[in-house]
Amino acid sequence: MEDLTELIISDGHPFSGRTHLRSLARLGIVVAAGACLVLALPPYSILPLALVAFVALALVLRGASSLRASGLGYMFGLGQFVPGLFWITESFQVEADRFGWLALPAVFGLAGLLSAFPALACVVAARMARSGLPPALSLATAWAASEWLRGHVVTGFPWNLAAYTLADWTVLSQAASVVGSYGLGFLLVLCASLAGLAFGRADRHLRVLRLTGAAAILVSVAGFGVVRLATSGPASDRGTQVRVVQPNIAQSAKWDETSRKANILRLFSLSARPGSFDLLLWPETAWPGFLAEERGARVMLGWLLSETGVLLTGSPEREKTGAGTVSRNSVLAIAPNGTILTRYAKHHLVPFGEYVPWRSVLPFQRLVQSLGDFAPGPGPRTLAIGPHPYVGVAICYEAIFPGHVADDAIRPDWIFNATNDAWFGTSIGPWQHLASARMRAVEEGLPLVRAANTGISAVVDAYGRTLAMLELGTAGIIDTRLPRPLSPTPYARFGDWTALALVLLAWVIVRLRLRLQKAALLTRKST
């Protein structure tokens, strides 16, 4: 252990002659550390590897210059994002003759761009540490800030945040209800960094202090989770019965005109299985056409419903305006008589999947060209769907954004996540996507029901626990009662301000400790 620690934190410019081999080994370690985060995420959820990743990063940054910190952070990012996003290649194989050649450039290009955020975090952490802030707090603060920026800059892409390594560790994930995913990531990095730096070049007193701090964070987070879950009560006490349909229609057949009738029949046959339900839930763009324009089809769908039943289904919509035809990716609420009760339009669109940003400048085209670019909806909305609990809708990609799935004006009773992960086959992508959605449930204190075309469909309670699930690549239904919502969590009330408050509190505690140490030192000198 000591030899490995010395290798990681040894001084010297990473590309100078005598230290060239040592520097290459250090770069290899930091790339491997980034890759450890992928194995710490679902579906693997090997949580100790997340700690290993940030322990290594904290050690390698010790005493680093800004240039060296930037390079090491960038390589850590490549180790994290290349394997973590490799599932994207699946989407380019749907029309392989047109887009297959773009698969690898897309992954490495996106990973290269996203790696700028860990690089920035490491530069900032190194600068703060040189200014006198403890290195563990420097790294945790800079990392949390870089993840927040990654979730907001340009269109934002908060995929595989550090906190998502805790999605399958339900006791530890409960703290997200207070500080959100960005704040929980701060605590994870701080805990790992304190533990890792305790094994670096530190005297006995400092080593004990760091290990005590790491243990205090772990005990506090776990203790909060244990108490919260112990007082949770029953998961489902509502009378609303839901049926989730997962048709398992391949993306290559989804819009194929010759497969249209078979696709509709599959949706009907699954929905009409014996059993009663109040809400029928179909995935994103489940209807292979413009359902709002097909009155007869909607009346036919009403036959599946009870007298007060409602179908929530994904369907594209289009509207003719003076500027041309506007298309939207929507979820429609259909009543038994075929009328559209209400609708929701996706507001956070996927770049190059649903629209081309800066189209007049960038020479790219969408992966799906048939409908043209989608237009965004107005934002999170709470929908009233007859006599049933109010629902907030998050379509596919929208579920990855902390704090952006529920309407602040009118709080919903549950979240419906309609998605189509058929683009990504049976890769790890859908598992990572589900982990994001589950964290939204914890943050908001709201149950989440997920209808996915090819999986993973799931019913998640307000604590992020999966109550029912349909595996990838299978067709089927889930019949269950809608889990109950909780009172608004601190994160639901205050959003990412809670994470900022957590960081500031940590800074205040550290500053007070440093002042007390300085005062004690002066007292000893005076005596």
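**Helix packing and sheet organisation in the predicted model**

Helices H4 (66-84) and H7 (116-130) pack against each other at an angle of about 145°, with their axes 7 Å apart, where axes are lines fitted to C-alpha atoms, for helices over the stretch in contact, and angles run from 0 to 180 degrees between N-to-C directions. H4 passes H7 in a right-handed crossing; a crossing is termed left-handed if the near helix is turned anticlockwise from the far one by less than a right angle, and right-handed if clockwise. The contact (heavy atoms within 4.5 Å) is made on the H4 side by Ser 66, Ala 69, Ser 70, Gly 73, Tyr 74, Gly 77, Gln 80 and Phe 81, and on the H7 side by Ala 116, Pro 118, Ala 119, Cys 122, Val 123, Ala 126, Arg 127 and Arg 130. By class, this contact of H4 with H7 comprises nine nonpolar, five polar and two charged residues, with Ala, Val, Leu, Ile, Met, Phe, Trp, Tyr, Cys and Pro counted as nonpolar, Asp, Glu, Lys and Arg as charged, and the others, Gly among them, as polar.

The structure is a predicted model, in which local features need pLDDT of at least 70 and side-chain atom pairs count only at pLDDT 80 or more, whereas totals for chains, interfaces and linings use all residues. Residues are numbered from 1 along each chain as its sequence is written, and side-chain values use heavy atoms, with hydrogens and water left out. The chain contains 17 helices and twelve strands, taken as DSSP runs numbered from the N terminus (helices H or I, at least four residues; strands E, at least two). Of its 527 residues, 55% count as buried, a term that denotes under 20% relative accessible area, with exposed over 50% and partly exposed in between (1.4 Å probe, protein chains only). Among contacts between residues at least 6 apart in sequence, 70% join residues at least 24 apart.

A second helix pair is formed by H10 (residues 176-197) and H11 (residues 204-230), which pack at an angle of about 145° with their axes 8 Å apart; here H10 passes H11 in a left-handed crossing. Residues of H10 in this contact include Leu 187, Leu 190, Cys 191 and Leu 194, and those of H11 include Ala 214, Ile 217, Leu 218 and Val 221. By class, the contact of H10 with H11 has 13 nonpolar, two polar and two charged residues.

Helix H6 (residues 103-114) has twelve residues, which at 1.5 Å a residue should span 16 Å, and the 17 Å between its end C-alpha atoms agrees with this; the expected span is 1.5 Å times one less than the number of residues. Within H6, the buried residues are Ala 103, Val 107, Ala 111, Gly 112 and Leu 114. Their cover includes H4 and H7 as well as helix H5 (96-99) and helix H8 (135-150).

Ala 435 lies in helix H15 (residues 429-444) and is buried, with a relative accessible area of 2%. Beyond residues up to four places away in sequence, Ala 435 touches Pro 42 and Ala 167. Ala 435 is also 8.7 Å from Asn 160, C-alpha to C-alpha, although 275 residues separate the two in sequence.

Six strands form an open sheet in the order S5-S4-S3-S2-S1-S12, with mixed pairing, two strands being paired if DSSP finds at least two bridges between them. Strand S5 (340-345) and S12 are the edge strands, each pairing on one side only. Neighbouring strands of the sheet are turned by 35° against each other on average, direction ignored. Helix H13 (residues 260-271) packs on this sheet, touching strand S1 (241-246), strand S2 (279-281) and S12, and its direction makes about 150° with that of S1.

Strand S3 (residues 310-321) runs antiparallel to S4 and is joined to it by eleven bridges, with Leu 311 of S3 opposite Ile 334 in S4; the two strands form a hairpin with two residues between them. Five bridges join strand S4 (residues 324-334) to S5, also in an antiparallel arrangement, and the bridge partners in S5 are Ala 345 for Ser 330 and Thr 342 for Ala 333. The hairpin of S4 and S5 has five residues between the strands, and Gly 338 in the turn has a positive phi of about 90°.

At the other edge, Thr 480 is found in strand S12 (residues 476-481) and counts as buried at 19% relative accessibility. Apart from neighbours within four places in sequence, Thr 480 is in contact with Thr 240, Gln 241, Val 242 and Val 459.
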